[in-house]
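Reader: I have the model open and would like to know what stands behind the terms used for it. Please set each value against its definition.

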Amino acid sequence: MPSVQAAGRSLNYEWVGSGGRDTLVFLHEGLGSIRQWRDFPEKVAAATGCRALLYDRYGYGASDILGEPRRNVHFMHDEALRSLPEMLKELEIENPILVGHSDGASIALIHAGAGFKVKAVVAMAPHVFIEPLCLKSIDKAAASFEKGELAKGLAKYHRDARKTFYGWADVWLDPGFTSWDIRDDYLPGIECPVLAIQGEDDEYGTMAQLDDTKRKVRRCELLKLPDCGHSPFRDQPEKTLFAISEFIKRDLS
C-alpha cells in the first residue's frame, strides 16, 4: 500500500471506490486500522457514489510504529488539528466527508469544529467527554490484553500490538485525561451537517454522548441503535449503511 507523510510520520493509506466529486475519509477507532473496517467503506462508497480514503493513523496498522513511551492527553487534538490537515493537503483532498468511529469520530468532530472545510461528518460512537463507564471498559480491555486474547487479535492488524494497545489505553487511563471535553470548545463551531450514531449497548459510552452532541451542534441528527454495542458498522451493518447513505444523498446532493 502507498504511504504519505503527515506530522513527520509515514502513514499507510488505501483508496476504495471509483466515486464522483465527493470524497469520504474514514477515521478508525482507538485500536483500529484500515483492515478492521472490513468491507464497510467499500459498501458506503458504492451506495453513495463517492470515492473513499482509508488510512492507518500513526502507531496503528502498517503506519509508523509509536516511537514515544506513551501518547499525550491531547493526542486526538494533535490528530485533528495537525496530522489530518497535512494528510488531506498531501493527497489533495478538499472539503471531505469525514466518517469516524470512536476516537476517529472525536477527531472528525474536533477537525470540523476547528473551522477546517468539511462537507459533513458521520460520527459513530463518538466521545465528546469522559465517562466512568468508558474507563471501566478500558480497564477490562487491559486485562484481556494481558491474558493474551486481545493481544493475539490485534497482532493480525498492527505492526506492534503491544505499543498500539498501550499507546491508546495508557492515555485514556491517565488521571489527567478525565477532564478531556470537546463539548464547548469544538462542537458549537461545527457548521456542516452531522449524523451521530451509537448503539444502545455501547460499553464505552452512554447516550449522553449523542444527546450532548445534538445540543451543541447546529445541524445534527441522531441514530440510536438497539441491540448494538460500540461498533455500529459491525453490530448493525445494514441499518448503519442505510442511515449513512441516506444522510449523504439527502443532505449533500
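Reader: What makes the span of helix H4 agree with the expected one?

Author: The expected span is 1.5 Å times one less than the number of residues. H4 covers residues 132-147, so its 16 residues should span 22 Å, and the end C-alpha atoms lie 23 Å apart, which agrees. The model is a predicted one, in which local features need pLDDT of at least 70 and side-chain atom pairs count only at pLDDT 80 or more, while totals for chains, interfaces and linings use all residues. Residues are numbered from 1 along each chain as its sequence is written, and side-chain values use heavy atoms, with hydrogens and water left out.

Reader: Why are H4 and the strands given such labels?

Author: Helices (H or I, at least four residues) and strands (E, at least two) are DSSP runs, and they are numbered from the N terminus.

Reader: Which residues of H4 are called buried, and what do they pack against?

Author: Buried means under 20% relative accessible area, exposed over 50%, and partly exposed in between, with a 1.4 Å probe and protein chains only. In H4 the buried residues are Cys134, Leu135, Ser137, Ile138, Ala141, Ala142, Ser144 and Phe145. They pack against helix H5 (149-154) and helix H6 (161-172), where contact means heavy atoms within 4.5 Å. Gly148, with a positive phi near 105°, follows H4.

Reader: How do you know that H2 bends, and where?

Author: The bend at a residue is the angle between axes fitted to the seven residues ending there and the seven starting there. For H2 that angle is about 35° at Ser83, and a proline, Pro85, follows within four residues. H2 (residues 75-90) still reaches 21 Å from its first C-alpha to its last, close to the 22 Å expected. Among its buried residues are Ser83, Pro85 and Met87.

Reader: What makes S1 and S2 paired strands?

Author: Two strands pair if DSSP finds at least two bridges between them. Four bridges join S1 to S2, which run antiparallel, so the pair meets the definition. Ser3 has Asn12 in S2 as its bridge partner, and Val4 stands opposite Leu11. Two residues lie between the strands of this hairpin, in which Ala7 takes a positive phi near 55°.

Reader: Why are S1 and S8 edge strands?

Author: The open sheet has eight strands in the order S1-S2-S4-S3-S5-S6-S7-S8, with mixed pairing. S1 (3-6) and S8 (220-225) each have a single partner strand, so one side of each is left without a neighbour in the sheet. The twist averages 20° from one strand to the next; axes are lines fitted to C-alpha atoms, for helices over the stretch in contact, and angles run from 0 to 180 degrees between N-to-C directions.

Reader: Which side chains of S1 are buried and which are not?

Author: Val4 and Ala6 point to one face and are buried, whereas Ser3 and Gln5 point to the other and are not.

Reader: What makes a set of residues a nonpolar core?

Author: The set holds buried Ala, Val, Leu, Ile, Met, Phe, Trp, Tyr and Cys residues joined through side-chain atoms within 4.5 Å. The largest such core has 61 residues, and Met87 and Trp168 are among those with the most contacts inside it. Apart from it lies another core of 26 residues, including Leu24 and Phe26.
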